[in-house]
Amino acid sequence: MDNQYDLDQLRRSKEDLEQLVAQHFKSNNRQTLLPKKLEDEFWAFNIDRTRVNAIQFFGQGVITYTIFVLLILPSNYFVLRESPHFVLDFIYSILSLIVVGAALFLFWAFSRFRNLRAFFYPAACTIVFFTIVLTSSLMIGVSNVVLQNQAMVLVAFLYMLGFILSGIKPLHMLWIGSFAAIVTLFFLYFLNIPYDLLMIGRTFIGSLLLGFSISVMLNSKEQRIFIKSKISEIDEKILRLQASELLHLSQHDELTNVSNRRTFEEMFTHYYNLACKESTSLSVLFIDIDYFKNYNDFYGHQMGDQVISEIAKTIKSSIRHMDFIARYGGEEFVVLLPETSAQGAYAVATNIYRAIDRLMIVHEKSLVSNYVTISLGITVFNGNPKISQDFLIQTADKALYRAKQLGRNQIYYQSIRTIQTI
C-alpha cells in the first residue's frame with residue numbers, strides 16, 4: 001500500500017496520545033506534562049479559542065458591564081456622600097471602573113483586529129497586570145472602609161478572570177499576579193496610603209493560590225479533551241487513508257499499479273463522449289508483450305511478473321500526463337491519447353517502442369529478438385458518434401492482431417475507415 005508508511009505513523013501517534021490520556025487518569029493530580037510540540041499546539045488552540053470568545057461575547061460583556069457600572073456608581077455615591085474625602089474617593093471609584101472598562105476594550109481589540117492578533121498573548125499578560133495594579137491601588141486608596149472591603153472582592157474577581165478567562169498559562173499568571181501584588185504594595189507604601197496589610201495580603205495570596213489551583217485543574221481537563229480531539233482527528237485521517245487505499249485498489253492493477261480494466265472502461269467512456277461532444281480525435285493504442293508465454297515458461301512466473309511491472313512503468317513514463325494507461329489483461333496494455341491525431345499517436349507509440357527496446361530485458365525464447373519486445377496496434381477515433389465504442393476497441397484490437405500477423409516487434413496503424421469498407 002502506497003500510504004502504509006503514513007498509516008503506520010498515524011497509528012503510532014494515536015498510541016502515544018492514548019498513553020498520555022491513560023497517564024492523566026492514573027496520576028494522582030491528573031496533571032501530566034505534554035510533549036513540547038503538543039503543548040505548544042494546545043496553547044495555540046487555547047489562545048485562539050480565547051480570542052474567538054472575546055469577539056463573540058464582547059457585546060454581551062459591554063451590556064453586563066454597563067449594568068454593573070449603573071448599579072455600582074449610585075451605591076458608591078450613597079456610601080461616600082458622608083465621607084470627608086467624598087470627591088477624591090468618588091473619582092477613585094470612577095477611575096477604577098474606567099480602568100476595567102478600558103481593559104475589556106483592549107482585550108477585545110487585540111482579539112478582533114488582524115494586525116494586533118500576533119501580539120495577543122503578551123498584550124493579555126500586560127493588560128491583566130496593569131488592570132490589577134491600577135484597580136487595586138485606586139480602590140484601596142479610598143478613605144472609606146466599605147469601599148476598601150469592596151476593593152478586596154474586586155481584586156479577587158480580577159485574579160479569577162486572569163487565571164480562568166484570559167488564556168494566560170497558569171504559571172505565567174501566577175508570576176504576573178505575584179508581581180502585580182508586589183508592585184501594588186510598593187505603590188501604596190511610597191504614596192503613603194494607609195491600608196490593612198493583613199487584609200490585603202490575605203486577598204492577594206488567597207486569590208493567587210485559589211486561581212492557580214482552579215486554572216491548573218481546568219487546563220488539565222481541557223488538555224485531556226484536546227488530546228481526545230487529536231485522537232479523533234487521527235482516526236478520521238486513518239479512515240480517509242484506508243478509504244483512499246480501498247478506492248485505489250479497486251481502480252488499479254495490484255501488480256503494475258496502473259489502472260485496471262474496470263477503470264479503463266469508465267475512462268474510455270468518458271474520453272469517447274468528450275471526443276464526440278467536442279469533435280476531437282481520440283487515439284487508442286493496444287500493446288502486447290511478444291512471446292510472453294515462452295518467457296513465463298522458461299524464466300518462471302515471478303520473473304514474468306517483474307517484466308509486466310517494468311513494461312507498465314516504462315509505458316507510463318513514456319506518455320503525457322493527460323494520457324491514460326491500463327492493464328487490459330495478462331500481458332496486454334491499452335493507452336488512450338485524447339486530442340491526438342494519427343501522426344501524434346504514431347509518435348507516442350514509437351516513443352514507447354524505443355523505451356521498451358532500451359530496457360534490453362533478455363528473452364532467450366523470443367522468436368524475433370534476444371530481448372523482450374512489444375507489438376503495438378493503433379487506431380484513431382475522429383469524434384463521429386456513429387462509430388460505437390465497441391467498434392473502436394475492436395479496431396484497435398485488430399490493429400494489434402495485424403502487427404502480430406506481420407511478425408511482431410512492430411507498430412501497425414489501422415484506420416477505422418478501412419475496417420468499415422471491408
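What follows is a chat between a student and a tutor about the cores, pocket and cavities of this predicted model.

Student: Let's start with the largest nonpolar core. Which helix gives it the largest share?

Tutor: This core has 40 residues, and Ile132, Tyr159, Ile168 and Met173 touch the most other members. Helices H2 (36–56), H3 (58–80), H4 (86–112), H6 (120–140), H7 (145–164), H8 (170–190) and H9 (197–251) each put in at least two residues. The largest share is twelve residues, and the helix behind it is H6.

Student: Take Ile132, then. Which residues does Ile132 touch, setting aside those up to four places away in sequence?

Tutor: Ile132 is one of the core residues that touch the most other members, and Tyr159 and Met173 are also among those. Both of them turn up again as partners of Ile132. The full set is Leu158, Tyr159, Met173, Ala180 and Thr184.

Student: There's another core too, right? How many residues does the second, separate core have?

Tutor: Look for Val258, Ile289, Tyr295 and Phe333, which are included in that second core. The core is separate from the one we just went through. Its count is 27 residues.

Student: Back to H7. What length does H7 reach from its first C-alpha to its last?

Tutor: H7 has 20 residues. At 1.5 Å a residue, the expected span is 28 Å. The model comes close to that, with H7 reaching 29 Å.

Student: And which residues of H7 are buried?

Tutor: Here buried means under 20% relative accessible area. Leu158 and Tyr159, the H7 contacts of Ile132, both make the list. In full, the buried residues are Leu147, Gln148, Ala151, Met152, Leu154, Val155, Leu158, Tyr159, Met160, Gly162 and Phe163.

Student: On to the largest pocket. Which helix gives the most to its lining?

Tutor: The pocket holds about 1,300 Å³ of space, and 48 residues line it, with Leu104, Phe107, Phe157, Leu161 and Leu165 nearest the centre. By class the lining splits into 29 nonpolar, 17 polar and two charged residues. H2, H3, H4, H6, H7 and H9 each supply at least two of the lining residues. The top contribution is ten residues, and it comes from H4.

Student: Now Ile361. Why does Ile361 count as buried?

Tutor: Ile361 sits in the loop between helix H13 (342–359) and strand E4 (374–381). Beyond its neighbours within four places, Ile361 is in contact with Tyr295, Val307, Glu310, Asn370, Tyr371 and Val372. The cut-off for buried is under 20%. Ile361 counts as buried because its relative accessibility is 18%.

Student: What distance separates the C-alpha atoms of Ile361 and Asn53?

Tutor: Along the chain, Ile361 and Asn53 are 308 residues apart. In space, their C-alpha atoms are separated by 67 Å.

Student: What about closed spaces? Which helix gives the most to the lining of the largest cavity?

Tutor: There are two cavities of 30 Å³ or more, and the largest has a volume of about 50 Å³. Tyr271, Leu274, Ala275, Glu278, Thr280, Ser281, Leu282, Pro338 and Glu339 line it. Four of the lining residues come from one helix, H10 (residues 261–278).

Student: And the second largest cavity: which helix gives the most to its lining?

Tutor: This one holds about 30 Å³ of space. Its lining is Tyr353, Ile356, Asp357, Val372, Thr373, Ile374 and Asn409, and Val372 is also a contact of Ile361. The biggest contribution is three residues, from H13.

Terms used:
Residues numbered from 1 in each chain as written. Predicted model: local features only at pLDDT ≥ 70, side-chain atom pairs only at ≥ 80, totals over all residues. Heavy atoms only, no water. Core = buried A, V, L, I, M, F, W, Y, C linked by side-chain atoms within 4.5 Å. Buried < 20%, exposed > 50% of the residue type's maximum accessible area, 1.4 Å probe, protein only. Contact = heavy atoms within 4.5 Å. Expected span 1.5 Å × (residues − 1). 1 Å grid on protein atoms, 1.4 Å probe; cavity = no way out; pocket = protein on both sides within 12 Å on 5 of 7 lines; lining within 4 Å. Points joined across faces, edges and corners; volume = space filled by probe spheres on them. Nonpolar A, V, L, I, M, F, W, Y, C, P; charged D, E, K, R; others polar.
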